[in-house]
Structure formats: structure tokens, C-alpha cells
Amino acid sequence: MSLTTETPAVAEVPGPVDRIRRLITANPSVLPTIASVVIFVGMIVYGETAYGRIVQYSTLSNLLINNAHLIVLAVALTFVIVTGGIDLSVGSIIAFSSVAGVMLANAGWHPLLVIVAMIGFGALFGLVSGILIRYFNVQPFIATLAMMFLGRGLASLLSTKPERLPEESPIRWISDKIKIVDGPKVNDLTITPAVMIAVLVVLAAFFVLHRTRTGRTVYAIGGSESSALLMGLPVHRTKVLVYVISGALSGLAAVLYTSRLGTAQNITGIGWELDAIAAAVIGGTVLTGAYGYVLGSVVGALVLGLMNVLITRDGGIPPEMTTIITGGILLVFVLLQRAVTRKKE
Amino acid sequence: MNAATTTSAWRDLIRKPFFWGIVAIVALLALNVLKDPGYLAISINPNNGNLVGNLIDILRQAAPIMMIAIGMSLVIATAGIDLSVGSLMAVSGAVSMEFLKNVGDSSSAGVALAAVGLSLLITGILGAVNGVLVAYVGLQPFIATLVLMLAGRGVAKVITGGQNTAATNDPYRWIANGYVIGVPVVFILALGIVLAVGWVVRRSALGLMIEAIGINPKASRMAGIKPRGLLMTAYILSGVLAGVAGIMSVGSVMTVDISRTGYQLELDAILAVVIGGASLMGGKFSLSGAFVGALLIATLDKTVLYLGVSSSATPAFKAIVIILICLLQSERVRAWFQGRRKTIIAPRVETAKEEVTA
Amino acid sequence: MTEELPIVQMQGISIEFPGVKALDNVDFRLFQGEVHALMGENGAGKSTLIKALTGVYRIDSGSIAVVGQERSFTGTGDAQDAGISTVYQEVNLAPNLSIGENVMLGHEIHGLFGINWRATHRAATEALARLGLEHLDTHKPLSTLSIAVQQLVAISRAMAIKAKVLILDEPTSSLDAAEVEGLFAIMRSLRDQGVAILFVSHFLDQIYAISDRLTVLRNGQYEGEYLTRDLDRHALISKMIGKDLDALKSLGGNRRTSPRTADEAPLLSASGIARRGSVEATDIDIRPGEVVGFAGLLGSGRTELARLLYGADRPDEGTISLKGRRTEIKSPADGLAKRIAFSTENRRDEGIIGDLTVRENIILAVQAERGWARPIPRREQDAIVEKYISALNVRPADPNRMIRNLSGGNQQKVLLGRWLATEPELLILDEPTRGIDVGAKAEIQEAVAELAEGGVAVVFVSSELEEVVRLSERIVVLKDHRKIGEIQNGPGVTAQEIVDIIAAHGTDAAADDLGDVEGALPDTIAETTAESDMTAEQGAR
């Protein structure tokens with residue numbers, strides 16, 4: 001009389017092949033995450049053969065430097081999507097945060113305070129979203145859609161022309177290039193503090209999601225919110241928290257982006273929510289929640305960044321196609337996820 | 001006796017979904033009149049007999065908003081959403097302008113009609129794509145339409161090659177700028193379409209069945225309603241109506257602005273629908289309410305400009321209004337108003353089961 | 001087996017919801033080291049009582065004491081802290097997480113760098129060991145386990161937090177005989193370890209197999225607490241439905257039996273239809289103009305079987321024939337097209353469309369059949385609506401009132417009108433008189449009788465035995481997802497007979513099932529049934 005299903009219940013240490021096989025069949029995000037790594041590598045190979053000068057220090061450095069903010073956004077969305085929600089306001093939060101931040105810097109505020117304020121603004125937006133969703137049962141997409149318009153509107157109220165960060169502002173240091181490897185001519189491996197911050201964010205997110213009770217609650221909420229409640233987990237508090245995290249990380253992304261550009265404008269970040277969602281989805285985060293890896297989202301962000309590089313390098317594809325391509329990729333991945341989850345039902 | 005009947009007549013009026021919308025319009029106009037006592041004046045242009053005035057402008061500006069509001073009403077009634085309407089407006093404008101520019105004939109009504117037809121066909125097809133994703137693939141409506149919302153503008157850019165294409169065609173231009181008996185054509189057209197859709201929706205069983213699946217999809221299924229066709233119809237209509245809105249918007253300046261045409265107008269559409277009394281959770285809808293909502297938004301836009309506030313900030317106000325209305329529609333606030341005390345701590349999932357199986 | 005002080009003592013518990021008193025001055029007590037069953041039919045209040053004990057609901061009056069200390073729970077966390085752990089019917093675990101994680105969720109072991117997974121999984125294995133499940137690989141996702149084992153994982157979660165009280169709410173509904181026996185073995189083991197187990201189930205055999213004591217609730221009120229061995233099945237059933245044995249005998253069939261020719265072709269014939277987890281292979285024939293009653297206790301599969309006949313659910317096995325021809329009923333719309341109408345027992349969630357008017361609700365199914373492009377002309381609408389409002393005496397007789405403002409009874413009548421308007425040949429009514437006032441009940445029963453006389457076949461599903469007896473020509477008795485008997489109604493047939501069939505069923509079926517279960521019968525079962533007629537009842541069905 002066996003109480004388990006087909007899989008034999010053995011207590012021995014599973015070999016690596018078994019482990020991988022088990023991982024793939026059980027978890028809908030594993031395959032897409034692996035797929036995204038494969039895609040990334042494939043794109044590099046293709047780019048190198050088609051255009052050349054891809055696999056070199058400067059390209060890879062720029063990939064990281066130019067997409068540090070997107071990586072942070074992808075991490076933010078991962079938290080929210082795993083719980084089964086969504087955050088459409090990230091781009092607008094960046095717009096508001098950066099414009100407000102630059103204006104504060106120009107008004108003479110201490111740069112550290114400016115950075116804290118920028119993150120704080122983002123957290124505030126997130127808090128409002130979280131409260132609407134948790135206490136008033138507003139659907140996440142509506143609540144964050146409203147925040148999206150609110151953020152952009154407030155940013156436009158503040159200023160409609162580009163605001164320049166002071167030349168000497170220490171904030172710009174965040175994007176100062178640090179040469180790690182001095183290669184031939186301009187082909188150096190460089191990094192910026194912004195990239196390091198992004199890496200720290202990823203590591204912190206990984207730690208929270210995989211090694212803290214709060215992080216496991218995030219996954220549990222995505223798996224079954226009602227079960228999580230009955231299991232006594234702090235569901236409500238955690239739901240608000242993920243939106244605050246998302247907002248705060250958007251504020252941080254604003255810091256990284258503004259430090260690199262040196263200017264802020266109310267039209268910044270339009271469409272970035274799509275990029276962030278696409279990055280998370282490509283990286284294996286399932287849109288309906290419960291499954292997702294932060295590291296996968298990072299790969300997803302890099303895939304998108306690399307796609308931009310290849311498109312520019314190609315020159316044949318008009319830049320306006322990028323949104324269509326991103327949207328198309330997102331759609332394909334979403335459909336794939338749906339097919340997999342439907343089979344499970 | 002007389003007082004009682006008047007109060008009950010008042011109460012019925014207040015309950016009508018668009019009542020508060022009309023109140024808000026009146027309030028906004030009053031605000032404008034404060035600044036300029038002659039604000040409401042309507043005069044007749046001696047040259048062409050057309051009506052001129054701020055109110056006329058509002059009617060003209062409201063026309064495209066009415067179109068997307070009607071489409072959004074139907075989609076929201078099915079408990080869905082269509083975030084792509086703004087982008088579809090841009091697509092429609094892009095198709096029209098490119099077509100007209102390439103054909104070149106600037107006075108043929110046939111060409112104008114062809115441009116209109118082509119634009120509506122394309123946006124209708126895109127609406128159908130949304131419909132398929134929602135009804136057959138089973139994607140959540142916001143994700144299905146979000147993709148088109150963000151990629152749609154890219155499609156428009158590809159159609160025009162990134163340019164803000166301009167074209168000339170008098171009959172096409174007349175749609176947006178012409179006057180008939182002194183009244184703007186675009187408004188008459190919009191009004192006509194609203195009435196036509198309203199007639200189809202209420203005369204046939206379409207409205208009833210859409211409301212049914214929005215209110216209670218399970219019960220509707222048990223009653224034999226098949227939701228897929230209804231969902232497809234709603235999303236296709238939304239796409240076509242967005243196309244009409246795009247034509248109206250682009251026709252007034254005969255140029256499509258790839259970044260600005262229809263930009264953030266999905267917000268206007270959603271706002272008009274909720275002002276009109278419909279719930280974002282789906283169910284009963286009111287086209288007349290959405291109509292008033294669209295008028296209110298046009299009035300709001302014009303007022304904001306008139307009072308000197310930057311127009312790019314209006315989305316902030318609109319967002320706040322939507323949030324407030326969501327709050328008012330939420331269970332918690334409604335219960336608070338009715339003074340109901342709940343003994344239940346757990347989510348409402350439990351209560352439904354409890355009342356059946358206790 | 002029992003100790004002096006109960007570990008849980010609930011006294012005078014009352015909980016009221018808008019419009020209904022779910023619990024009225026109910027007492028309940030639970031001792032360490034016992035399996036205590038909570039019994040009651042629909043609306044009895046079992047579920048509410050449990051939710052009060054687990055902190056889901058707040059109590060309006062009364063007291064709860066755990067280990068002698070009075071407690072007031074403001075959430076599920078409180079109840080868990082008090083040592084009360086619950087396993088619900090639908091396994092309430094996170095399917096996307098691993099087995100070990102589910103066992104320890106919320107109580108993971110932390111180290112220097114956050115959660116120490118190795119230690120956590122080890123603790124999980126220890127908790128699972130208490131249930132004999134130490135061989136499970138805790139790293140595997142929960143979804144790789146069968147529902148039965150997932151349930152055991154849910155129980156071991158309770159063990160992981162050292163629960164003193166374990167509440168099992170309908171744990172056996174989706175289990176087969178072997179899995180139930182496995183669960184019972186574990187329950188006995190836990191009981192012997194001193195855990196107090198509260199067991200809710202409607203499977204009578206299981207109650208007699210596993211429980212030491214039972215408490216009966218009816219209509220939110222406390223009926224009594226008994227030692228299982230002191231109460232035989234007849235007495236238990238009659239306490240649950242509230243009629244004593246003599247009264248049951250007197251509820252006879254008044255049904256005028258119209259002469260039925262033996263070779264009349266059945267309108268609908270279902271052969272071997274089954275659906276995993278809800279209905280076991282069953283044969284049913286329904287003849288034109290016949291009223292067939294489905295009788296059985298809660299959970300017997302009445303509703304599930306009815307839903308299969310209508311197309312609300314699809315059968316996994318078996319065939320359905322309409323008028324002799326094999327058909328498949330794919331959906332409610334398909335059922336309606338084949339002239340079968342179904343009125344659900346859950347009128348709030350699956351019946352009324354609350355924000356629509358009475359008129360709209362009545363014509364909805366007819367309209368759905370025609371499609372949206374062919375609206376029913378207003379005059380025809382009025383005629384239909386008028387006809388059924390008056391025929392069924394819907395009050396207030398205002399077709400433009402929103403249906404959610406009508407009383408339950410009138411809502412039910414409007415729904416009945418909806419189905420009748422489609423002019424079905426077979427009408428399936430699932431609990432049509434539940435929760436409605438006496439007058440409306442009588443009116444609906446009248447309507448059913450008239451329908452049958454008009455040639456419409458009716459399947460009447462109800463938990464009220466006297467109703468079934470009063471109306472049906474033929475009564476199908478169901479128990480534990482299976483048809484166990486059929487009675488031809490007539491003068492002299494009483495509700496008592498139905499109860500007898502249900503009560504007696506355990507013995508024969510159990511003996512059959514025992515065929516492939518190895519191992520001797522546990523001793524405790526023999527103890528509890530020493531006096532009663534029924535012998536050798538098993539945990540299996």
C-alpha cells in the first residue's frame with residue numbers, strides 16, 4: 001500500500017542528473033530561466049559572428065553599466081509578480097523621483113539626503129499602492145496604473161524640461177567609470193559603483209527571497225494566498241511590503257540612472273514597466289505568481305539590454321521596432337508559461 | 001404629498017449614475033465663469049454660420065474620448081480592461097495619414113473613406129488579437145492589452161517610419177473639423193455612434209449578456225451563456241472605436257503625432273467609465289454615464305488649461321479621482337458607510353464557503 | 001484514554017452573521033488522547049465552530065478555554081500559538097514550495113545567514129517521522145505527492161509546531177479506501193501519543209471506525225455529546241436530522257403513483273458514469289414525466305451526480321444516452337440545447353445574477369439559447385415573465401425589481417421560472433427548498449408535482465428526507481459517492497426505510513472492500529461496536 005505517487009520515495013542523496021530532472025519537472029520557472037541563459041549566450045555568439053566586437057571588455061562593461069537601473073527594476077518586479085501582483089508604476093516613479101531629486105540637489109540639499117529622498121519617494125508610492133491593494137481590495141494593476149499616471153503627472157507638475165544635476169554633484173560619482181582591466185585602446189573592462197550597487201541589490205534580494213521568512217512568505221502568497229493565511233503567515237503585511245520594496249527599488253533605479261545621465265526629465269521611464277516585466281518573465285518569473293528567480297530576472301534584463309545592443313549594431317532594424325520586439329518576446333514567453341500551467345491543471 | 005414626490009424624484013435623479021458627473025461639469029464651468037464671465041457665450045461665426053465658443057470646443061474635444069469610453073464600457077463590463085486604446089488611436093492615425101499621403105489625392109471622398117476603412121480594419125484586427133488572448137488563451141486582460149498598449153505605439157512608429165506623418169485630404173479633414181448646421185460634425189458623429197452602439201447593445205441581448213458574465217460568470221455559464229463570442233465582440237468593438245477616436249483626433253490637425261496621439265488616453269477612458277457609474281469589477285454599465293464622463297473629462301482638460309496649470313499634470317488629478325472612486329466602490333468603505341460590523345477576520349473566500357456548507 | 005480536564009472547553013458559543021445565527025449557545029469539549037467526531041448536516045454549524053476554535057471567526061458570546069486557560073483568538077496565529085492546528089479539506093499548503101518547506105513554513109530554523117535549510121529540512125523529516133513518513137525526500141516539490149500524502153504532510157506540519165490539538169476537517173473526502181486506512185493508522189498513533197484530535201466527517205462508517213466520542217450539532221444548536229460506542233447508527237442519524245425514530249416511521253409517501261409501464265423507454269440513461277473524487281460508477285435511468293428523488297446524507301454525492309447529468313461537470317467514465325442515443329453533454333449550454341435544465345443548490349454563487357432584474361433573470365436561459373443577436377421581443381418577454389411570476393407566485397410580483405432584493409424563497413422561484421421557461425424535458429433540482437420559508441417551500445413542491453403531471457421528468461435532490469419521500473415516485477439512495485439502492489415509492493414507504501438503507505450499507509460494502517487491504521482489523525473498532533447489530537465495520541468504505 002503505497003501512499004506516494006509514481007515518483008519513488010528514496011532517502012539516498014540524489015545524483016546531479018536526478019536533481020536537475022526533478023527541478024525541471026516540478027518548477028515552471030526552471031526551464032525558462034535556463035532558456036534565458038541559453039538565449040543570452042546564443043545572442044552573444046550570434047552577435048559576435050554577425051557584427052563582431054561583441055565579446056570584448058568594453059561591450060560587456062557597457063552592457064552592465066547601461067542596464068544597471070533595469071536590473072534593479074527587474075528585481076523589484078520579481079518580488080511583486082511572485083506574489084501574484086504587478087507593478088505598472090515603476091517607470092513613472094523613476095520619472096518623479098529623478099526630477100524631484102535633481103531639483104532638490106539643485107536647491108542645495110546634501111547629496112546623501114537627496115539619494116535617501118529619491119528612494120523614499122519611491123517607497124511612498126509603493127506604500128500607497130500596497131495600502132490600496134491590501135485594505136481596499138483594489139486590483140494590483142488598477143492601483144499601480146493609477147500610481148503610474150499619478151507619478152507622471154506629479155513629475156510633470158514639477159518640471160517639463162530637463163533638469164540638470166550640478167556638475168560637481170557627488171551623485172554623479174555613482175556612475176564614474178572605474179577601470180578594472182586596461183585593455184587595448186578603449187577596450188577596457190570598466191565598472192561603475194552603480195553596477196556594484198545593482199549587484200548588491202541582487203544579492204540582497206536573493207538573500208531575502210531564499211533565506212528569510214518574509215521571502216518564503218512572498219512565495220507562499222503566490223502559491224496560495226488563502227493557504228498562506230491559514231498557515232498563520234503574515235500575508236497582509238508582506239503584501240504591502242512587496243509594493244514598498246518595488247517602489248523603493250524604483251527610487252534607487254532613479255538614482256542610478258540619473259547619476260549616469262546627469263539630467264532628469266518628466267518623460268523619463270516611459271515604457272520601462274514593460275521592460276521590467278519582460279525581463280522578469282524572460283528570466284522565468286511566472287506572471288500568475290508563485291514561481292520566479294531573482295537571478296533569472298537579471299539574465300532577462302541582460303537579454304533585453306543585449307538585444308538593444310544588437311539592434312543598434314545591426315542598423316537595419318529601425319529603433320521603433322524595439323518596443324514591438326520586446327512586446328513580442330514578452331507575449332511569446334507569457335503564452336509559453338500559460339501552456340505549461342494549463343497542462344498542469 | 002407634493003413635497004414627498006419631489007424628494008423621491010430627486011432621489012431617483014441622484015441615483016442615476018451620471019448625476020454627479022453633470023454636477024461636476026457644472027461646477028467646473030462655474031469655475032471658468034468666475035475667471036471670465038463671458039466663458040459660456042456661444043456666438044455664430046458670420047462667415048460660415050458655425051457656432052463658436054468654449055462650449056463648442058468642449059463638445060469637439062469630447063468626441064474622441066466618447067468613442068474610447070464607449071468601447072471601454074463594454075470591456076470593463078465583462079470584468080476586463082483594455083489598456084491599448086490610446087496606442088490603437090495612434091495606430092489608426094498612422095495608418096490614415098500614411099495612406100492619404102501615399103495616395104495623394106487631396107479632395108476625393110472615396111480616398112478618405114478608404115483611409116477610414118483601412119484604419120478601422122487594422123484597429124479592429126488588433127482588438128481581435130486582444131480578444132483572442134483573453135477569451136481563448138485565457139490571459140488576464142490587463143496583461144494581454146498591456147502588451148499592445150506598449151507595443152502598439154511601436155507599431156504606429158513602424159508604419160510611419162518614425163515620422164509624424166502629415167497628409168491632406170479635405171473630406172477626411174471635414175470629419176474632424178467640419179460643421180453641419182453650425183454644429184461640429186465630429187460631435188454629431190460621436191453622438192450618432194454612441195446612440196448606435198447603445199441601440200445595438202440594448203436592443204439586442206448583447207448588453208444583457210455582457211452584464212451577466214461580468215456580474216456572475218459562473219451563474220451565466222450555468223444559464224447557458226457562452227462567454228467567448230461576447231468577449232471577442234467587446235474587444236473588437238473597443239479596437240474599432242479606438243480607431244474612430246484616432247481618426248477624429250488626427251483629422252483635426254491632419255498630422256499624426258507618434259508620441260502624443262492617444263497618449264495616456266486609456267486613463268481618460270477608464271475614468272469616464274467609472275464616473276458613469278460602472279464598477280471596475282465588471283457588471284452593469286451605462287453608456288449614457290460614459291457619455292457624461294467623457295464630457296466631464298473634456299471640460300476638465302479645458303479648465304485646467306484655462307486656469308494656467310500645465311496640461312501634462314492633469315493625469316495626476318485624474319489618477320487621484322480614479323483612486324477615490326475605487327475607494328468608494330470598495331467593500332470596506334461601503335460597509336463602513338452602512339455601519340456593518342464584521343465578525344469575520346479571514347478573507348472573504350471563507351465566508352462564501354461558510355454560508356453554503358456550515 | 002481520557003483525562004480529567006478537557007484540553008479544549010468551549011461553552012455557550014454563539015456566532016451570528018447578518019440574517020442567520022450560525023451557532024446558538026453551543027458547548028464542546030475535547031480531551032487529550034482521544035479522537036472526537038463533530039457531526040451534523042448542512043447548516044448545522046460544524047464549520048463555524050471549527051473556525052471559531054481556529055481563530056478565523058470571532059465569537060459573539062461564550063468562552064473558549066485551552067489547557068484550562070481562557071483564550072480569545074484574534075487571528076489564526078493566536079490559535080496556532082495556543083497549540084491548535086488545523087488541516088482543512090482542501091489541502092492548505094503552498095503547492096509551489098518543497099515538502100520540507102511546507103512542513104516548516106513560518107517556523108524555519110534560522111542560522112547566521114538567514115534560514116538554515118539543512119537544519120530546517122532535518123526538522124521537517126523529524127516531524128514527518130511522527131507519521132511514519134521519514135522516507136519522503138523533503139526537497140521535492142509538494143505537488144509531486146498525491147492529495148492523500150499532501151494531507152499527511154499538512155498533519156505533520158501540525159506536529160512540527162508541537163500541536164496539542166489537531167483538527168481534521170473532512171480529511172477523507174478525496175481519499176480512497178486504502179488511503180483512508182493509512183490516515184486512520186496515523187491518527188491512532190497520534191492519539192496514543194496524547195494528541196487531541198477533532199475529526200469532522202460525514203462518512204458514518206469512518207466515524208464509527210475511528211472516533212471515541214462524538215458531538216452532534218443541528219441547526220446551529222448543540223444536540224449532545226456521546227461516547228461513540230453508546231450511540232448506534234439509527235440514533236445518530238435521527239439526532240442529526242432531528243426526527244426521532246418513531247416520527248420517521250410516520251412520514252409516509254403521499255405520492256400518487258401513476259401507473260408506469262415497465263417497458264417505457266427512459267428519457268435519460270446514465271451507465272457507469274463516474275468522476276474521480278466525487279462520484280463512483282453509477283447507473284441511473286430517468287423516464288419521461290417521472291419524479292426521481294436523490295436521497296442521502298451530506299457528502300453522499302447527490303449534487304455531484306446531478307451535475308454530471310446536466311453537463312455542469314464532465315464525467316471521467318461512463319456514458320449518457322438521451323432517448324436511446326449516446327450523447328455527451330459538454331456544458332450547461334449544451335445541456336439546455338438538449339432540453340435538460342439544472343437548478344443549482346448554490347443559488348447565490350451559481351444561480352442568481354444579483355444586479356439584474358427579475359425579468360432579466362427569468363428570460364436569461366432562453367435568451368442564451370437564442371444568442372445575443374436574436375433578442376426576445378418585448379411582448380414575448382412580458383408573456384413569459386408574467387406566466388411564471390404568477391404560476392410560481394413570486395412576491396413582490398414586480399418584474400423590474402433587482403433579484404437580489406427578493407427573499408431567498410422568491411429568488412428560488414425566479415430561478416425555477418428561468419429553467420421552466422426553457423421548456424425542458426428533464427428538470428434537475430438540487431436542494432430547491434433549502435433555506436427558504438415554509439410557504440415558498442410548499443409552493444415549489446406543488447410546482448414540481450404539477451410539472452411531472454405535465455410530462456416533464458424531474459430529478460429532485462434534497463437532504464430533507466421527508467420532502468424526497470413526499471414528492472418522488474422513485475427514490476435513489478446515495479451514500480459515500482455511490483448509489484446504494486433504489487426504492488419504488490408508494491403508500492407505506494417512509495423516510496425510515498431510507499435511513500435503514502444508509503445505516504445498513506456500511507457492513508456489506510466494507511466487507512467487499514476489505515479484499516485487498518492487508519493487516520488485521522484494529523482492536524478498537526471491535527470495542528466501539530460491541531453492542532450494535534453492525535459488526536466488522538472498517539475504516540474503509
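Me: What makes up domain 1, domain 2 and domain 3 in the domain assignment of chain C?

Reply: In this predicted model, domain 1 of chain C is assembled from 8–83, 164–251 and 499–541, while domain 2 covers 92–162 and domain 3 covers 253–493. These bounds come from an automatic or database assignment.

Me: How many residues does the contact take from domain 1 and from domain 3 of chain C?

Reply: Domain 1 of chain C gives twelve residues and domain 3 of chain C gives 14 residues. On the domain 1 side, helix H18 (residues 495–513) of chain C supplies the largest share, three residues. By class, that side of domain 1 holds five nonpolar, five polar and two charged residues.

Me: Let's move on to a sheet. What makes strand S18 and strand S22 of chain C edge strands?

Reply: The sheet is an open one of six strands in chain C, in the order S18-S19-S20-S15-S21-S22, with mixed pairing. Strand S18 (340–343) and strand S22 (482–488) of chain C each pair on one side only, and that is what is meant by edge strands here. From one strand to the next, the twist averages 15°.

Me: How do you know that strand S15 and strand S21 of chain C pair?

Reply: Two strands count as a pair when there are at least two bridges between them. Strand S15 (residues 291–295) and strand S21 (residues 474–479) of chain C have four bridges, in the parallel sense, so they pass the test. As an example of a bridge, C:Gly293 has C:Ile475 in S21(C) as its partner.

Me: Staying in chain C, why is C:Gln11 called partly exposed?

Reply: Buried needs 20 or more other C-beta atoms within 10 Å, and exposed means 12 or fewer. C:Gln11 has 15, so it is partly exposed. You will find C:Gln11 in strand S1 (residues 8–17) of chain C.

Me: Which residues does C:Gln11 touch, not counting residues up to four places away in sequence?

Reply: C:Gln11 touches C:Asp27, C:Gly62 and C:Ser63. Take C:Ser63: 52 residues separate it from C:Gln11 along the chain, yet their C-alpha atoms are 5.3 Å apart.

Me: What makes the phi of A:Ala290 worth a look?

Reply: Most residues other than glycine have a negative phi. A:Ala290 is not a glycine, yet its phi is positive, near 85°. A:Ala290 belongs to the loop between helix H11 (272–282) and helix H12 (294–314) of chain A.

Me: Is A:Ala290 buried or exposed, and how do you know?

Reply: A:Ala290 has 25 other C-beta atoms within 10 Å. The cut-off for a buried residue is 20 or more, so A:Ala290 is buried.

Me: And what makes B:Ala79 partly exposed?

Reply: B:Ala79 has 19 C-beta neighbours inside 10 Å; buried would need 20 or more and exposed 12 or fewer, so partly exposed is the label. B:Ala79 also has a positive phi, about 70°, without being a glycine. Its place is in the loop between helix H3 (54–77) and helix H4 (85–103) of chain B.

Me: How do you know that the peptide bond joining C:Arg395 and C:Pro396 is cis?

Reply: Its omega is about -5° and the bond is classed as cis, whereas most peptide bonds are trans. C:Pro396 sits in the loop between helix H14 (378–391) and helix H15 (408–421) of chain C.

Me: Why is chain A called as compact as a globular protein of its length?

Reply: Chain A has 13 helices and four strands. Its radius of gyration is 21 Å and the globule rule gives 20 Å for 345 residues; the two are close, so chain A is as compact as a globular protein of that length. Buried residues account for 53% of the 345.

Me: Which elements give two or more residues to the side of chain A that touches chain B?

Reply: The contact pairs 34 residues of chain A with 38 residues of chain B. The elements of chain A are helix H5 (111–135), helix H6 (140–158), helix H9 (225–230) and helix H13 (321–344). This side of chain A has 21 nonpolar, ten polar and three charged residues.

Me: And how many residues does the contact take from chain B and chain C?

Reply: Chain B gives 32 residues and chain C gives 38 residues. On the chain B side, H9(B) brings the largest share, six residues. That side of chain B divides into 17 nonpolar, seven polar and eight charged residues.

How values were computed
Residues are numbered from 1 along each chain as its sequence is written. Chains are lettered from A and ligands numbered from 1 in the order in which they are written. This is a predicted model: local features need pLDDT of at least 70, side-chain atom pairs count only at pLDDT 80 or more; totals for chains, interfaces and linings use all residues. The radius of gyration is taken over C-alpha atoms; the globule rule is 2.2 Å times the number of residues to the power 0.38. Two residues are in contact if their C-beta atoms, placed from the backbone, lie within 7 Å. Ala, Val, Leu, Ile, Met, Phe, Trp, Tyr, Cys and Pro count as nonpolar, Asp, Glu, Lys and Arg as charged, and the others, Gly among them, as polar. Axes are lines fitted to C-alpha atoms, for helices over the stretch in contact, and angles run from 0 to 180 degrees between N-to-C directions.
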